[in-house]
Number of protein chains: 2
Amino acid sequence: MAKHPTKQSIGVAVDNCIFSIKNGELYILLIQMKKKPFTGMWALPGGLIHEHEEPDAAAHRVLREETNVAHLYLEQLYTFGKIKRDPAGHIISVAYLALMPMEEAHLKTLLKYFDVRWSKFSELPRLAYDHEEIAAYAKQRLEWKLEYTNVVWSLLPDRFTLTDLQKVYESILGRKMDKRNFRKKIMSLDLVEEAGGKIARGAYRPATSYKFTSRKPKIVDILS
Amino acid sequence: MAKHPTKQSIGVAVDNCIFSIKNGELYILLIQMKKKPFTGMWALPGGLIHEHEEPDAAAHRVLREETNVAHLYLEQLYTFGKIKRDPAGHIISVAYLALMPMEEAHLKTLLKYFDVRWSKFSELPRLAYDHEEIAAYAKQRLEWKLEYTNVVWSLLPDRFTLTDLQKVYESILGRKMDKRNFRKKIMSLDLVEEAGGKIARGAYRPATSYKFTSRKPKIVDILS
DNA sequence: CCAAAAGTGTTAACGCTACACCCATGT
DNA sequence: ACATGGGTGTAGCGTTAACACTTTTGG
């Protein structure tokens with residue numbers, strides 16, 4: 001139901017909320033802005049959609065600007081359109097949720113920003129625009145996704161231990177889980193299988209190495 | 001992360017997927033277009049967002065153009081942005097899901113369309129743009145919402161019978177349910193209460209009249 | 001009195017939760 | 001030998017799923 005696009009002057013941007021896990025803690029990728037009026041502030045990586053570019057493609061492009069990852073999960077989150085969300089004018093932002101294993105993410109230093117950095121989600125600084133709202137929304141969606149789908153594959157490297165897996169759930173959902181019940185549930189869903197070999201991470205007993213049976217999105221009730 | 005909106009010429013529209021229930025069947029509100037190149041085709045009601053208008057406000061405005069409803073549920077669905085989705089140019093559409101009781105929806109006849117009509121969702125005609133995709137997505141979201149929230153209130157009038165309620169679930173989820181288990185579940189959730197009085201709808205035993213205890217959105221696992 | 005929808009309980013299977021001890025390794 | 005995380009089973013409880021007959025009304 002559209003008419004004459006030339007009559008509008010609404011801008012369309014994408015913003016990426018990129019999550020990852022390190023040492024059983026949730027991190028989010030932030031950039032430090034040069035541009036006024038937010039000079040020095042932190043924000044989500046994003047940018048205007050190009051001419052003849054689809055929103056999904058723009059999100060991928062912005063993502064590749066800061067990092068290069070093979071195993072990646074990306075989904076559209078929500079479109080934020082408050083009039084005053086951008087002081088530069090009426091800019092609507094299509095927000096995306098991205099998940100990646102931090103081991104595979106090599107950050108690039110960019111001229112257009114002062115800095116690009118993984119920041120603990122629990123110590124989120126003030127963000128530019130309405131990006132705090134976007135980040136909070138993304139966190140909620142992530143919680144839901146963990147509980148009802150198998151997306152967790154997108155946060156872990158190829159090989160991992162069951163304790164690694166459990167820590168992802170515990171840190172994101174913010175509650176401790178029972179080790180035995182957790183393993184029973186995970187194994188009954190056929191999400192993972194033994195990869196052969198052990199992973200040693202200290203002066204203790206090494207853990208069995210696991211891998212995901214599939215890295216395709218699936219709906220599965222994982223945790224109540 | 002936006003720069004200079006004047007450099008873009010992307011249009012932004014909203015499209016509403018409006019569902020309702022009649023005689024235990026799911027209906028969707030469609031308009032028949034006059035505008036070329038879709039003259040005579042059916043489509044979802046929608047339109048470009050105005051200058052200085054927020055997407056939510058645009059969705060409400062478009063909704064008021066075709067109907068006037070008090071009890072209404074409206075939520076953003078997804079933003080569709082395929083390059084070729086609109087032959088008029090690069091127009092991104094923020095799609096909305098709306099739910100209303102059909103009794104309260106008085107359709108307005110509009111000059112800009114040939115017709116505005118409730119159509120059975122099961123007999124959906126070919127739609128203009130990518131509106132078939134939007135409608136399919138909306139239907140999925142509706143199914144999920146029914147199972148995990150109390151939105152069903154938005155599809156029924158003030159007073160209704162438990163059989164009415166069950167038929168809403170059966171028609172949208174596409175499966176029969178056990179009457180006794182259904183009632184047990186609904187009553188245990190305190191979603192509804194007796195409204196006093198009976199509702200007779202034929203030559204048979206009249207049913208107890210119920211009303212919702214609350215018409216505010218809530219998360220509640222209703223059906224597995 | 002007949003047709004049609006309203007209304008009402010019990011049981012068995014399953015899934016979830018809670019809970020404690022031994023094992024393997026490096027220092 | 002010890003400190004630390006890895007690894008394993010069972011029993012009680014609550015929830016879900018399957019199932020059939022009686023009641024009320026209008027015609």
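I will go through two sites: the surface around DNA strand D and the largest pocket. Keep in mind that this is a predicted model.

DNA strand D to begin with. There are 20 residues around DNA strand D, and those that come nearest are A:Lys179, A:Lys184, A:Thr208, B:Asn181 and B:Arg205. Of the atoms of DNA strand D that come within 4 Å of the protein, 43% belong to sugar and phosphate.

Now some individual contacts from chain A. A:Thr208 has a polar side-chain atom 2.5 Å from a phosphate oxygen of DNA strand D. Two arginines reach bases: a polar side-chain atom of A:Arg205 sits 3.3 Å from a base nitrogen, and one of A:Arg180 sits 3.4 Å from a base oxygen. As for secondary structure, the elements giving two or more residues to this surface are helix H4 (179-188) and strand E9 (207-212) of chain A, and helix H4 (179-188) of chain B. Sorted by class, the surface near DNA strand D comprises ten charged, six nonpolar and four polar residues.

On to the pocket. How much space lies in the largest pocket? About 1400 Å³. It is lined by 33 residues, with A:Arg141, A:Trp144, A:Lys145, B:Arg141 and B:Trp144 the closest to its centre.

Which elements supply the lining of the largest pocket? Strand E5 (73-80) and helix H2 (131-148) of chain A, and strand E5 (73-80) and helix H2 (131-148) of chain B, each supply at least two residues. H2(B) gives the most, with eight residues. By class, the lining of the largest pocket has 16 nonpolar, eleven charged and six polar residues.

How values were computed: Residues are numbered from 1 along each chain as its sequence is written. Chains are lettered from A and ligands numbered from 1 in the order in which they are written. This is a predicted model: local features need pLDDT of at least 70, side-chain atom pairs count only at pLDDT 80 or more; totals for chains, interfaces and linings use all residues. Side-chain values use heavy atoms; hydrogens and water are left out. A residue is near a molecule or strand if one of its heavy atoms lies within 4 Å of it. A polar contact is a pair of N or O atoms within 3.5 Å; within protein, one must be able to donate a hydrogen and the other to accept it, and residues adjacent in sequence count only if both atoms are side-chain atoms. Helices (H or I, at least four residues) and strands (E, at least two) are DSSP runs, numbered from the N terminus. Ala, Val, Leu, Ile, Met, Phe, Trp, Tyr, Cys and Pro count as nonpolar, Asp, Glu, Lys and Arg as charged, and the others, Gly among them, as polar. On a 1 Å grid over the protein atoms alone, a cavity is a set of points where a 1.4 Å probe fits but cannot get out, and a pocket is an open set with protein on both sides within 12 Å along at least five of seven lines; lining residues have an atom within 4 Å of a point. Grid points are joined across faces, edges and corners, and a volume is the space filled by probe spheres set on the points.
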